[in-house]
Each structure stands twice: as structure tokens, then as C-alpha cells.
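Got a minute to poke at a model together? Have a look at the helices and how they pack.

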Amino acid sequence: MKHLGPITGQERLRDRAAHALRAALIAGELRPGTVHSAPALAAGFGISATPVREAMLDLTREGLVEPVRNKGFRVTEVSERDLDQFAEIRALIEVPTVGRVVQQAPRDQLAALRPLAEEIVSAARDHDLIGYLEADRRFHLGFLALSGNARLVETVGDLRKRSRLYGLTGLDERGELLPSAQEHLELLDLALAGDAAGAQACMARHLGHVRSLWARSARVC
């Protein structure tokens with residue numbers, strides 16, 4: 001697996017291991033339901049088991065893996081029904097919140113999100129999947145944060161972690177990631193124009209688009 005090669009450099013080994021593991025999860029190289037031990041993964045990285053175990057604990061807190069006693073960590077499985085329910089909850093929360101933000105948030109605060117929207121598109125063009133997901137997370141949560149409801153942002157952040165997708169590489173290879181990325185710029189343009197109804201429709205379409213694309217990706221992985 002290309003994302004589980006040797007780890008070198010000055011960055012903390014724990015952080016580099018976590019980054020490599022996330023990349024392997026996103027690429028579908030660590031499949032849902034499979035169990036992996038820290039020593040075995042560490043051998044692939046060429047480092048000791050301790051930073052890998054610490055990295056896996058970080059991923060446990062993110063809901064990406066779960067500990068299995070005396071064996072290691074199992075990659076969390078998410079069913080189609082789970083994804084449908086997560087997507088429904090996100091739509092119920094995010095779509096109306098986007099409308100409120102457009103009506104209430106200062107335009108300069110909305111405009112400050114443009115670099116993130118552009119970063120999402122650039123990451124998609126550069127096939128930088130980790131960068132894509134990180135910029136996407138920051139954009140969506142940053143947009144919602146303009147509502148002033150920290151609990152809402154926390155809830156959506158948790159739902160995003162639980163509904164993270166495997167096989168994102170497949171979307172990238174089929175050219176389906178860039179159109180999804182460009183929807184962030186469309187959403188922001190509508191928000192800056194003060195079109196609350198248009199922004200809500202765009203967000204609803206975006207969430208449905210992402211759900212269908214990622215479900216198709218899971219079926220072909």
C-alpha cells in the first residue's frame with residue numbers, strides 16, 4: 001500500500017503516522033471491517049509501534065477506527081443506511097442554517113471564506129485528497145460558525161467524521177471530485193449576493209451530490 005511506506009522527516013512521528021493512515025483510509029487501502037495491529041503497521045512505516053499506536057488512538061477519537069482488545073484496531077464500518085441517516089440529519093441542520101447565515105452574517109466574514117473555497121478547488125485539481133478534505137471541513141464548519149451556534153458546529157463536525165468516505169481516490173480518478181469542489185464557490189457567490197433561497201438550494205444539492213458520489217465510490221471500491 002503506497003500510503004504505508006517508510007516515514008521520514010522532522011515532523012512528529014505520531015503526526016506523520018496519523019497522516020499516512022488517514023491517506024490510506026481515504027484511498028481505500030485500509031478497508032472497512034479489517035483489523036490492523038500497531039506493530040504490523042509500524043513495520044511498514046519503519047518506525048516503532050508507540051507512535052503508530054498513539055496515531056491510531058487519535059483516529060479512534062475521530063471515529064475512523066475502533067480498538068479491538070488484544071488485536072489492534074478495526075476500521076469502522078459505515079452502512080448505506082448509516083450514510084443516508086447522517087446525510088438526512090446534515091441536510092436538516094445545514095440547509096436552513098445556510099439560509100440564516102446569508103441573511104445575518106456580515107459580508108466581509110462571508111468573503112473571508114473564499115480562500116478556503118478556492119483551496120478546495122485547487123486541492124481537487126492537484127489530486128490532493130487530504131488537502132481537499134481538510135479544506136472542505138474548514139469551509140463548511142467555518143460557514144456554519146457564522147450562525148453563532150457552537151453546538152451546531154460541533155454536531156455537524158461529528159456527523160462529518162462519522163460519515164467520512166472510503167475510496168475517495170476513485171472519485172478523483174473518474175473526474176467527479178472537481179465538480180463537487182466547484183460547488184463551494186457557487187455557494188459562496190450566492191451567499192455574497194444575498195440569495196438565501198439560492199444558497200439553501202445549492203447546499204441541499206451539494207449534500208445530495210456528495211452522498212450519491214461517495215455511495216457510488218463505495219460500491220466500486
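Here are a few questions and answers on this predicted model.

Q: How do the axes of α1 and α7 lie to each other: roughly parallel, roughly antiparallel or roughly perpendicular?
A: The axes of α1 (residues 13-27) and α7 come within 10 Å and cross at roughly 95°. Angles of 65 to 115 degrees count as roughly perpendicular. So α1 sits relative to α7 as roughly perpendicular.

Q: Which residues of α7 does α1 meet?
A: By class, this contact has 5 nonpolar, 1 polar and 1 charged residues. From α1, the residues taking part are H19, R22, A23 and I26. Their partners in α7 are L129, I130 and L133.

Q: Is D172 buried or exposed?
A: D172 is in helix α9, which spans residues 168-173. Leaving out residues up to four places away in sequence, D172 touches A124, H127, L129 and L177. Buried means under 20% relative accessible area. D172 has 14% relative accessibility, so D172 counts as buried.

Q: Which helix gives the largest share of the largest nonpolar core?
A: That core has 29 residues, and V98, V102, Y132, F139, F143 and L187 touch the most other members. At least two core residues each come from α4, α6, α7, α10 and α11. The largest share is 6 residues, and the helix supplying them is α6.

Q: Which residues does L187 touch, setting aside those up to four places away in sequence?
A: L187 is one of the residues touching the most other members of the largest nonpolar core. With residues up to four places away in sequence not counted, L187 touches V98, F139, F143, A199, C202 and M203.

How values were computed
Residues numbered from 1 in each chain as written. Predicted model: local features only at pLDDT ≥ 70, side-chain atom pairs only at ≥ 80, totals over all residues. Heavy atoms only, no water. Helix = DSSP H or I, 4+ residues; strand = E, 2+ residues; numbered from the N terminus. Buried < 20%, exposed > 50% of the residue type's maximum accessible area, 1.4 Å probe, protein only. Contact = heavy atoms within 4.5 Å. Core = buried A, V, L, I, M, F, W, Y, C linked by side-chain atoms within 4.5 Å. Axes fitted to C-alpha atoms, helices over the stretch in contact; angles between N-to-C directions. Parallel < 35°, antiparallel > 145°, perpendicular 65-115°, else oblique. Nonpolar A, V, L, I, M, F, W, Y, C, P; charged D, E, K, R; others polar.
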